Structures are given as C-alpha cells and as structure tokens.
Amino acid sequence: MTKEQEAFTAWKQADEQARALEVLLAATWEEVMNRTGPPPTEEMLGEVSRLRALANEKLTVVMAMLRTAVSTESATGAR
C-alpha cells in the first residue's frame, strides 16, 4: 500500500467515525424537537466536533499528497 493509499484509508476511517456520531447527534436533536428526549450533552457535542475536525485534517493531508503525486507524475511523464 502506498503512502497515499494509507492516508486515504485513514481519512475514510476517521470520516466514518465522525459520520456515525453525527447521525446519532441528528437523532438526538430530532428527539429534542419532538420533545421526546433530552438535548445532547456537552461531551457529545465536543466529540462530534473533535472527530469531524480530525477527519477534515486527514482529508487535507490526502489532498496535498495526491496533488504532489499528480504534479510529480506530470513533470516526469510517469503513470
């Protein structure tokens, strides 16, 4: 596996974790709006924010790595 593939896999995993908690957060807010449940805890809000930020950081790394790889391939004519 290349560095780019490893970075992509790490981003996908982080994104999946963030999305799973975001779904739970959305369901929690839905319960609040329906008056059937309590609001999300500060801990939950913080964790959703932390996981999304981590996934976004990993995506930024992947994009930079791929830009570099494409530029290198273009400059050398490699494929």
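Trainee: Why is aspartate 15 called buried in this model?

Mentor: The model is a predicted one, and in it aspartate 15 has a relative accessible area of 6%. Buried means under 20%, so with its 6% aspartate 15 falls on the buried side of that cut-off.

Trainee: What makes the contact of aspartate 15 with arginine 19 a salt bridge?

Mentor: The distance from N to O between the two side chains is 2.6 Å, and the rule asks for a side-chain nitrogen of Lys or Arg within 4 Å of a carboxyl oxygen of Asp or Glu. The pair therefore meets the rule, with arginine 19 supplying the nitrogen and aspartate 15 the oxygen. Both residues belong to helix α1, which covers residues 3–33, and they are four residues apart, about one turn of the helix.

Trainee: Which salt bridge does glutamate 22 form, and what does the pair tie together?

Mentor: The side chain of glutamate 22 meets that of arginine 52 in a salt bridge of 2.8 Å, N to O. Glutamate 22 lies in helix α1, whereas arginine 52 lies in helix α2 (residues 42–76), so this pair ties together parts of the chain that are 30 residues apart in sequence.

Trainee: Is glutamate 22 buried, partly exposed or exposed, and how do you know?

Mentor: Its relative accessibility is 28%; because buried means under 20% and exposed means over 50%, glutamate 22 counts as partly exposed.

Trainee: What makes glutamate 47 and arginine 50 partly exposed?

Mentor: The relative accessible area is 29% for glutamate 47 and 44% for arginine 50, and since partly exposed covers what lies between under 20% and over 50%, both values place their residues in that class. The side chains of glutamate 47 and arginine 50 also meet in a salt bridge, at 2.8 Å from N to O, and the two residues sit three residues apart in helix α2, about one turn of the helix.

Trainee: How many salt bridges are counted, and which residues are linked in a network?

Mentor: The count comes to four salt bridges, and the network links Asp15, Arg19, Glu22 and Arg52.

Trainee: How do you know whether the chain, with its two helices and zero strands, has the radius of gyration of a compact globule?

Mentor: A compact globule of 79 residues would have a radius of gyration near 12 Å, but this chain has 18 Å, and its C-alpha trace spans about 60 × 20 × 20 Å along the principal axes. The chain therefore does not match the value of the globule rule. Of its 79 residues, 19% count as buried.

Notes. Residues numbered from 1 in each chain as written. Predicted model: local features only at pLDDT ≥ 70, side-chain atom pairs only at ≥ 80, totals over all residues. Heavy atoms only, no water. Buried < 20%, exposed > 50% of the residue type's maximum accessible area, 1.4 Å probe, protein only. Rg over C-alpha atoms; globule rule 2.2 N^0.38 Å.
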